[in-house]
Amino acid sequence: MYTPLLANIAILVLSGFVGFAVISKVPNTLHTPLMSGTNAIHGIVVLGALVVLGKVESPSIGLQIILFVALVFGTVNVIGGFVVTDRMLGMFKSKPVAPTATSKGADS
């Protein structure tokens with residue numbers, strides 16, 4: 001009755017529920033720092049994927065394709081996350097003040 005596949009699927013489903021519960025409780029002011037932290041973690045995941053890709057001995061072409069696609073998706077996720085974080089932080093920057101027009105004859 002117990003199989004490793006069933007256990008892995010159960011862990012995946014439970015982690016999805018826990019992740020949703022945790023993220024839904026985060027206030028709006030903390031989303032940007034949280035996103036930056038998760039981007040750093042995803043960078044470590046991409047590094048781990050590179051290590052796994054290099055350590056597999058005589059992989060089949062199918063396994064190489066799956067590992068490469070996973071590495072590309074992870075990299076796109078990291079880059080996209082940093083782009084979104086940069087845009088979110090850009091919303092908090094103050095706008096430059098336009099110089100006011102002064103007349104030259106007003107001081108005389």
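**Three helices, spread out**

Residues 24 or more positions apart make up 69% of the contacts in this protein, counting contacts with a separation of 6 or more. The model behind that number is predicted. Its mean pLDDT is 81, and 92% of the residues get to 70 or more. Confidence varies from element to element: helix α1 (residues 4–24) has the highest mean pLDDT, at 91, while α2 has the lowest, at 80.

As for the overall layout, the secondary structure adds up to three helices and zero strands. Reading from the N terminus, the order is simply α-α-α. The radius of gyration is 24 Å, whereas the globule rule gives 13 Å for 108 residues, so the protein is more spread out than a compact globule. The box filled by the C-alpha atoms tells us about the dimensions too: along the principal axes it comes to roughly 95 × 35 × 15 Å.

Next comes the surface. Just 9% of the 108 residues count as buried. The accessible surface is about 9200 Å², and carbon and sulfur atoms account for 75% of that area. One nonpolar surface patch, of about 700 Å², is put together by I61, I65, F68, V69, V72, F73 and V76. Take V76 as an example from this group: it sits in helix α3, which covers residues 61–90. With a relative accessible area of 54%, V76 is exposed, because the cut-off for that label is over 50%.

Helix α3 also holds I66. This residue has a relative accessibility of 59%, so I66 counts as exposed. How far apart are the C-alpha atoms of I66 and N28? They are separated by 36 Å, with the two positions 38 residues apart along the chain as the sequence separation.

The loop between α2 (31–55) and α3 has a detail of its own, and S58 is the residue to look for there. Most residues other than glycine have a negative phi. S58 goes the other way: its phi is positive, at about 45°, even though S58 is not a glycine. Is this loop residue buried or exposed? At 72% relative accessibility, S58 counts as exposed, since anything over 50% gets that label.

Methods:
Residues numbered from 1 in each chain as written. Predicted model: local features only at pLDDT ≥ 70, side-chain atom pairs only at ≥ 80, totals over all residues. Heavy atoms only, no water. Patch = residues over 30% accessible without salt bridge, like charges linked within 9 Å, V, L, I, M, F, W, Y side chains within 5 Å. Areas by Shrake-Rupley, 256 points an atom, 1.4 Å probe, with all protein chains shown as cover. Salt bridge = Lys/Arg side-chain N within 4 Å of Asp/Glu carboxyl O. Helix = DSSP H or I, 4+ residues; strand = E, 2+ residues; numbered from the N terminus. Buried < 20%, exposed > 50% of the residue type's maximum accessible area, 1.4 Å probe, protein only. pLDDT = per-residue confidence, 0-100. Rg over C-alpha atoms; globule rule 2.2 N^0.38 Å. Contact = heavy atoms within 4.5 Å.
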